[in-house]
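User: Please take a close look at one part of this model, a sheet and whatever packs around it. I would like the strand order, the pairing and the surroundings in one connected account.

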Amino acid sequence: MVQVKQVLHCLEQAAPYELAESWDNVGLLVGDPDAPVDGVLCALDITEAVVDEAAERGCNLIVAHHPVIFTSVSRVTADTVTGRILIQMIRKGISGICMHTNMDCASEGVNDLLAASLGLTDVENMGAGETGTLGRVGNLPHAMTLEEFARHVKLSLGANGVRVADGGKPVRRVAVGGGACGKLMDFAVNKGADTFVIGDCSYDLMCRARDIGLNLLDAGHFPTENPVARGFRDLIAAQLPDLNVQVSDRHCDCISFY
């Protein structure tokens with residue numbers, strides 16, 4: 001029987017903790033490393049709905065990108081969302097492993113998967129973050145107008161919408177940073193990118209991108225990082241082929257456009 005610590009080791013090998021930002025919280029955050037694993041459910045976040053789904057699908061381990069325990073937790077009570085999730089996991093005997101910024105930076109991690117989803121070629125490290133391994137830059141097989149590329153991003157990532165700042169250039173060389181990576185735009189420019197696809201962006205960063213001639217596309221936090229759920233599944237299944245590993249079909253983007 002596969003144990004939690006074996007799945008954890010598999011993930012640690014792919015996304016070493018040394019790649020994580022200093023402020024992050026990664027690894028086994030809930031559960032017993034020696035507990036047997038009946039099945040694994042992979043998701044971007046551990047939510048109450050995902051915990052229910054795991055239990056219903058016979059999975060007693062959830063592997064997620066965002067830490068289920070992130071900011072300081074001084075108490076675990078049912079009157080907070082985090083408290084309810086942790087209580088629910090413990091009651092149901094469900095462990096939780098979270099691989100966050102280390103999986104952003106890892107080879108075949110969030111940003112490589114994002115680049116692949118967009119069809120980029122000749123992908124290389126963008127060189128950002130504390131470890132210099134955050135973000136990726138690659139080339140489109142053929143140039144697109146910004147409007148064409150925005151439609152391509154929306155379709156490729158299943159995004160509900162894409163916010164665009166027009167830097168005034170056709171799209172040929174594209175940098176990607178899943179999640180809130182707008183402040184890394186100078187790294188993208190230094191790598192020769194004319195376009196930067198990210199997941200969260202404030203108005204001031206959109207203005208700055210336009211002013212420096214960089215096309216900036218905010219495709220949403222969930223769509224730009226959710227490919228990692230399939231990445232977790234493929235990684236674990238390759239190393240532990242007899243284990244039941246599934247991707248959540250209940251977890252979805254909480255942002256809608258009308």
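Analyst: What follows goes through one sheet strand by strand, then its surroundings, and then the other sheet for context. The model is predicted, and every value below is computed from it.

The part in question is an open sheet of 6 strands in the order E5-E6-E8-E9-E10-E7, with mixed pairing. Strand E5 (121–128) and strand E7 (163–165) are the edge strands; each has a single partner strand, so one side of each is left without a neighbour in the sheet. On average, neighbouring strands of this sheet are turned by 25 degrees against each other, direction ignored.

Strand E8 is a convenient place to start. Of the 7 residues of E8, 6 are buried, so this strand is largely enclosed by the rest of the structure. E8 pairs with E6 in the antiparallel sense, over 5 bridges. Within that pairing, Gly 138 has Val 174 in E8 as its bridge partner. E8 is also joined to E9 by 4 bridges, and these two strands run parallel. There, Ala 175 stands opposite Phe 196 in E9.

The next pairing is that of strand E9 (residues 195–198) with strand E10 (residues 215–218), which is parallel and has 4 bridges. One of the bridge pairs is Thr 195 with Asn 215 in E10.

Helix H5 (residues 110–117) packs on this sheet and touches E5, strand E6 (134–144) and strand E8 (171–177). The direction of H5 makes about 150 degrees with that of E8.

Phe 196 deserves a separate look. The largest nonpolar core has 48 residues, and Phe 196 is among the four that touch the most other members, together with Val 7, Val 63 and Ile 236. Helix H1 (residues 4–14) gives the most to this core, with 5 residues. Leaving out residues up to four places away in sequence, Phe 196 touches Ala 175, Val 176 and Gly 177, and also Asn 215, Leu 214, Leu 216 and Leu 217. Its other contacts, under that same exclusion, are Met 126, Cys 181, Leu 184, Met 185 and Ala 188. Ala 175 thus appears twice, as a contact of Phe 196 and as the residue opposite Phe 196 in the pairing of strands.

Helix H8 (residues 203–211) belongs to the surroundings of this sheet too. Leu 205, Met 206, Cys 207 and Ala 209 in H8 are buried. The cover over the buried residues of H8 includes E7, helix H7 (185–190) and E10. After H8 comes Gly 213, which has a positive phi near 80 degrees.

For context, there is also an open sheet of 5 strands, ordered E1-E4-E3-E2-E11 and again with mixed pairing. Its edges are strand E1 (27–30) and strand E11 (245–247), each with a single partner strand, so one side of each is left without a neighbour in the sheet. The twist from one strand to the next averages 25 degrees. Strand E2 (residues 40–43) pairs with E11 in the parallel sense over 3 bridges, and Cys 42 stands opposite Val 247 in E11. H10 packs on this sheet, touching E2, E3 and E11, and its direction makes about 145 degrees with that of E2.

Helix H10 (residues 227–239) contains Val 228. Val 228 is buried, with a relative accessible area of 0%. Its contacts, not counting residues up to four places away in sequence, are Leu 44, His 65, Met 103, Val 110 and Leu 113. Val 228 and Glu 108 are 120 residues apart in sequence, yet their C-alpha atoms are 9.1 Å apart in space.

H2 lies across E2 and strand E3 (61–64), at about 155 degrees to E2. The axes of helix H2 (residues 48–56) and helix H3 (residues 81–92) come within 9 Å and cross at roughly 10 degrees, which means that H2 is roughly parallel to H3. On the H2 side the contact is made by Glu 48, Val 51, Asp 52 and Ala 55, and on the H3 side by Val 81, Arg 84, Ile 85, Gln 88, Met 89 and Lys 92. By class, this contact has 5 nonpolar, 1 polar and 4 charged residues.

Terms used:
Residues are numbered from 1 along each chain as its sequence is written. This is a predicted model: local features need pLDDT of at least 70, side-chain atom pairs count only at pLDDT 80 or more; totals for chains, interfaces and linings use all residues. Side-chain values use heavy atoms; hydrogens and water are left out. Axes are lines fitted to C-alpha atoms, for helices over the stretch in contact, and angles run from 0 to 180 degrees between N-to-C directions. Angles under 35 degrees count as roughly parallel, over 145 as roughly antiparallel, 65 to 115 as roughly perpendicular and the rest as oblique. Contact means heavy atoms within 4.5 Å. Ala, Val, Leu, Ile, Met, Phe, Trp, Tyr, Cys and Pro count as nonpolar, Asp, Glu, Lys and Arg as charged, and the others, Gly among them, as polar. A nonpolar core is a set of buried Ala, Val, Leu, Ile, Met, Phe, Trp, Tyr and Cys residues joined through side-chain atoms within 4.5 Å. Buried means under 20% relative accessible area, exposed over 50%, partly exposed in between (1.4 Å probe, protein chains only). Two strands pair if DSSP finds at least two bridges between them.
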